[in-house]
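Got your viewer open? Let's take a short walk through the model, one selection at a time.

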Amino acid sequence: FLEGAQIVFQSKYLLGIAAVLGLYEMVSNIVDFQLSVLVEQQIETAVERDAFFGIVGQATSLVSIGVQLFLTSFVMKRYSVKVALLFLPIAILGGTVGFVALPTLLFVGFMSVSDNALNYSINQSAKEALYTPTSQDEKYKAKSFIDMFVQRAAKVASVALNLGLTALVVTDVRWLSVAVGLLLVAWIAGIRFLGTRYEERKEEDAPAFALER
């Protein structure tokens, strides 16, 4: 834990990965909270709620499989890891804007499907690719610290944010989207930084990789 933390805090690149992961977890938990509250408010019976969550789950699975089979490899090879990483925050941003304008199950459902489907497909593949131009210690010790500590710390922070903002805005969870928007701006900025540093690291490692081959 301590070795991993030390490695992360000594590298702007790894701090960028940790920040992007943390921001994602906060956004994801707020979106899940918005979905749960809106379903509770707008769907009366437990059976209808279960049916709605079932539809969201099916849509998530279909989109995730489709993206992974037909989009992930194409985008990462044809364009870049940075472009692949931008798919998820841009999709959630579109849903967030729509949800603020029209707080319906359609938009919050779209955000939830985008979140889970893209995270478990193109975003996961691109996120793992970020560790390609790193050392063994960075791949294992630093990555373990980020995946275990940063991820859970971000979830705790999002719970506190949900509770605090909900207390301020009473029951209108639509305005949690303001916080989501701010987090998305920071998330996209982090991806732009990582995309640049990733390409620089790949170029630095290219001669050594060619020599090994």
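What follows is a tour that starts from one helix and visits its neighbours and the spaces beside them.

Before you click, note that this is a predicted model, where local features need pLDDT of at least 70, side-chain atom pairs count only at pLDDT 80 or more, and totals for chains, interfaces and linings use all residues. Residues are numbered from 1 along each chain as its sequence is written, and side-chain values use heavy atoms, with hydrogens and water left out.

**Stop 1: helix 2 and helix 6**

Select 12-42 for helix 2 and 105-129 for helix 6. Helices here are DSSP runs (H or I, at least four residues), numbered from the N terminus. The two axes come within 9 Å and cross at roughly 155°; axes are lines fitted to C-alpha atoms over the stretch in contact, and angles run from 0 to 180 degrees between N-to-C directions. Helix 2 and helix 6 are therefore roughly antiparallel, a label for angles over 145 degrees. Helix 2 passes helix 6 in a left-handed crossing, meaning the near helix is turned anticlockwise from the far one by less than a right angle (clockwise would be right-handed).

Now show side chains. Among the residues in contact (heavy atoms within 4.5 Å) are Leu21, Tyr24 and Ser28 in helix 2, and Asp115, Asn119 and Lys127 in helix 6. The residues of this contact divide into 9 nonpolar, 6 polar and 3 charged. In this scheme Ala, Val, Leu, Ile, Met, Phe, Trp, Tyr, Cys and Pro are nonpolar, Asp, Glu, Lys and Arg are charged, and the others, Gly among them, are polar.

**Stop 2: the cavity**

Keep Leu21, Tyr24, Asn119 and Lys127 on screen, as they are among the residues lining the largest cavity. A cavity is a set of points on a 1 Å grid over the protein atoms alone where a 1.4 Å probe fits but cannot get out; a pocket is an open set with protein on both sides within 12 Å along at least five of seven lines, and lining residues have an atom within 4 Å of a point. The count is 1 cavity of 30 Å³ or more. The volume of the largest cavity is about 90 Å³, taken as the space filled by probe spheres set on the points, with grid points joined across faces, edges and corners.

Which helix gives the largest share of the lining? That is helix 2, with 4 residues. By class, the lining has 8 nonpolar, 2 polar and 1 charged residues.

**Stop 3: the second largest pocket**

Go back to Tyr24 and Asn119, then add Glu25, Tyr120 and Gln151: of the 16 lining residues, these lie nearest the centre of the second largest pocket. Its volume is about 220 Å³. The lining divides into 3 nonpolar, 6 polar and 7 charged residues.

**Stop 4: helix 5**

Select residues 81-101, which is helix 5; helix 2 packs against helix 5 at about 35°, with the axes 12 Å apart. Tyr24 turns up again here, in a contact where Tyr24, Val27, Val31, Gln34 and Leu38 meet Leu88, Ile92 and Phe99 of helix 5. By class, this contact has 7 nonpolar, 1 polar and no charged residues.

**Stop 5: helix 3**

Finish with residues 46-70, helix 3, whose axis comes within 10 Å of the helix 2 axis. This crossing is right-handed.

Conventions
Helix = DSSP H or I, 4+ residues; strand = E, 2+ residues; numbered from the N terminus. Parallel < 35°, antiparallel > 145°, perpendicular 65-115°, else oblique.
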